[in-house]
Amino acid sequence: MKWWPKECAFGDMIRIKINSIYHYGIFVSENEVIQFGLPPVNIRSLTSQDAEVLSTDINTFSAGNIVEVGDMDRKEKKKARIPEKIVETARSRIGEKGYDLLQNNCEHFSYECVFCEKFSSGVDEISRKWGK
């Protein structure tokens, strides 16, 4: 998936970058972005046991950073759910807890809403570097 700063559409997977960390969510409208935890404005927020799937507005999600939209290639588009199903899935998980940086983070959540399977490029990159 490639990422571009552009206008968000219903059901888009979006992300922001804070320092070297990306935070992901599902765009519904300017008033609703569903995400697993709030943007990691400090390292402590990455490990918070209180993190849960929640809905905020785009300004809270972006935390003043540029929002990028996931641009799927042809293969990814074939695997992806339709936008209505993506949003329905994301909304159904509001209140869910169990955040884990390596196995259940905001990127895992967003990919699972879109593609029905968990994935995190950040965790994948770390695994490749460490040979796991």
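This is a short talk on how one chain is put together, with a focus on helix 3 and on Gly 25.

Keep in mind that the model is predicted. Start with the layout. The chain has five helices and six strands. Read from the N terminus, the order is β-β-β-β-β-α-β-α-α-α-α. The chain has 132 residues, and 42% of them are buried. Now the contacts with a separation of 6 or more. Of those, 57% join residues 24 or more positions apart.

On to helix 3. Helix 3 covers residues 83-92, and it packs with helix 4, residues 106-115. The angle between them is about 135°, and the axes sit 8 Å apart. So helix 3 is oblique to helix 4. As for handedness, the crossing of helix 3 with helix 4 is right-handed.

Which residues of helix 3 and helix 4 make the contact? From helix 3, we have Ile 86, Thr 89 and Ala 90. From helix 4, we have Phe 109, Cys 113 and Val 114. Sort the residues of that contact by type, and you get five nonpolar, one polar and no charged.

Now look at burial in helix 3. The buried residues there are Ile 86, Val 87, Thr 89 and Ala 90. Why do they line one face of the helix? Look down the axis of helix 3: the buried residues fall within an arc of 160°, so one face carries them.

What covers those residues? Helix 4 is part of the cover. Strands contribute too, including strand 3 (21-29), strand 4 (32-36) and strand 5 (53-56). Three residues appear both in the buried set and in the contact with helix 4: Ile 86, Thr 89 and Ala 90.

Strand 3 brings me to Gly 25, which lies in that strand. Is Gly 25 buried or exposed? Gly 25 is buried, because its relative accessible area is 0%, and the cut-off for buried is under 20%.

Who are the neighbors? Leave out residues up to four places away in sequence. Gly 25 then touches Asp 12, Met 13 and Ile 14, along with Val 33, Ile 34 and Gln 35. Phe 61 and Ser 110 are also on the list.

One distance to finish on Gly 25. Tyr 111 is 86 residues away from Gly 25 in sequence. In space, the two are 9.1 Å apart, C-alpha to C-alpha.

To recap: helix 3 lies oblique to helix 4 at about 135°. Strand 3 is part of what covers the buried residues of helix 3, and Gly 25 lies in strand 3.

Methods:
Residues numbered from 1 in each chain as written. Predicted model: local features only at pLDDT ≥ 70, side-chain atom pairs only at ≥ 80, totals over all residues. Heavy atoms only, no water. Axes fitted to C-alpha atoms, helices over the stretch in contact; angles between N-to-C directions. Helix = DSSP H or I, 4+ residues; strand = E, 2+ residues; numbered from the N terminus. Parallel < 35°, antiparallel > 145°, perpendicular 65-115°, else oblique. Left-handed = near helix turned anticlockwise from the far one by under 90°. Contact = heavy atoms within 4.5 Å. Nonpolar A, V, L, I, M, F, W, Y, C, P; charged D, E, K, R; others polar. Buried < 20%, exposed > 50% of the residue type's maximum accessible area, 1.4 Å probe, protein only. Arc of directions from axis to C-beta.
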